[in-house]
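Trainee: Got a minute to go through this one with me? I have a few residues to ask about.
Mentor: Sure, put it up.

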Amino acid sequence: MNTDLGKLDFSKLNGLITAVIQDYATGRVLMVGFMDEEAFRRTVETGYATFFSRSRNKLWLKGESSGHKLVVKNIATDCDMDALLIQVEALGPGVCHEGYQSCFFRQLDGGEWKESEPRAYDPAAVYGSKS
């Protein structure tokens with residue numbers, strides 16, 4: 001499959017582009033990640049969302065620890081070709097490492113951030129407890 005990286009603009013964020021991850025069936029935004037050219041290539045080639053971790057400074061396949069992978073259904077880019085919208089089917093009960101279906105589980109309510117949904121899974125059981 002031709003990934004045509006020459007048209008995507010990886011120059012604005014030190015070689016990264018923003019990737020908004022959206023549930024293909026519901027339209028809900030599940031997470032936002034970053035991709036370098038290699039992460040984008042792997043995403044297209046494998047059909048599973050792969051990102052560049054800024055904190056770990058390496059590629060990571062979403063779900064490599066939890067098994068909660070993201071199956072790519074559609075990829076679109078914005079008018080500047082420096083951001084992606086990736087529609088996925090999420091394998092597993094949640095995408096967020098804190099145990100929620102979406103990383104966007106807090107809403108501003110009366111000036112305070114409040115959880116807007118229950119946890120979908122126990123992150124300690126999936127990732128082990130953090131000590």
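Trainee: Leaving aside its neighbours within four places in sequence, which residues is Glu117 in contact with?
Mentor: Bear in mind that this is a predicted model. Outside that sequence window, Glu117 touches Arg28, Tyr100, Gln101, Ser102, Phe104 and Phe105.

Trainee: Where does Glu117 sit?
Mentor: In a loop, the one between strand E8 (112-115) and helix H2 (123-127).

Trainee: Buried or exposed?
Mentor: Glu117 counts as buried, because its relative accessibility is 16% and the cut-off for buried is under 20%.

Trainee: What does the side chain of Glu117 make a polar contact with?
Mentor: With the side chain of Arg28, at 2.3 Å. The Glu117 side chain also reaches the backbone nitrogen of Gln101, at 3.4 Å. Both Arg28 and Gln101 are in the contact list I gave for Glu117.

Trainee: Changing topic. How many bridges join strand E5 to strand E6?
Mentor: Seven, and the two strands run antiparallel. E5 covers residues 70-77 and E6 covers residues 83-90.

Trainee: And what about the turn of that hairpin, which residue there takes a positive phi?
Mentor: Met81, with phi near 60 degrees. The hairpin has five residues between the strands.

Trainee: Which residue in E6 is the bridge partner of Val72?
Mentor: Val88. Val72 itself lies in strand E5.

Trainee: Is Val72 buried or exposed?
Mentor: Buried, since its relative accessible area is 18% and the limit is 20%.

Trainee: What is Val72 in contact with, beyond four places in sequence?
Mentor: Among its contacts are Ile86, Gln87 and Val88. The others listed are Thr43, Gly47, Tyr48 and Ala49. As for Thr46, its C-alpha atom is 8.9 Å from that of Val72, with the two positions 26 residues apart along the chain.

Trainee: Last topic, cysteines. How many disulfides are there?
Mentor: Zero, by the distance rule, which asks for a pair of cysteine sulfur atoms within 2.5 Å.

Trainee: Why does Cys103 not have a bond?
Mentor: Because the closest cysteine sulfur to that of Cys103 belongs to Cys96, and at 4.2 Å it is too far for a bond.

Trainee: How exposed is Cys103?
Mentor: Partly exposed, at 32% relative accessibility.

Trainee: And Cys79, buried or exposed?
Mentor: Cys79 is exposed, because its relative accessible area is 75% and exposed means over 50%.

Notes:
Residues are numbered from 1 along each chain as its sequence is written. This is a predicted model: local features need pLDDT of at least 70, side-chain atom pairs count only at pLDDT 80 or more; totals for chains, interfaces and linings use all residues. Side-chain values use heavy atoms; hydrogens and water are left out. Helices (H or I, at least four residues) and strands (E, at least two) are DSSP runs, numbered from the N terminus. Buried means under 20% relative accessible area, exposed over 50%, partly exposed in between (1.4 Å probe, protein chains only). A polar contact is a pair of N or O atoms within 3.5 Å; within protein, one must be able to donate a hydrogen and the other to accept it, and residues adjacent in sequence count only if both atoms are side-chain atoms. Contact means heavy atoms within 4.5 Å. Two strands pair if DSSP finds at least two bridges between them.
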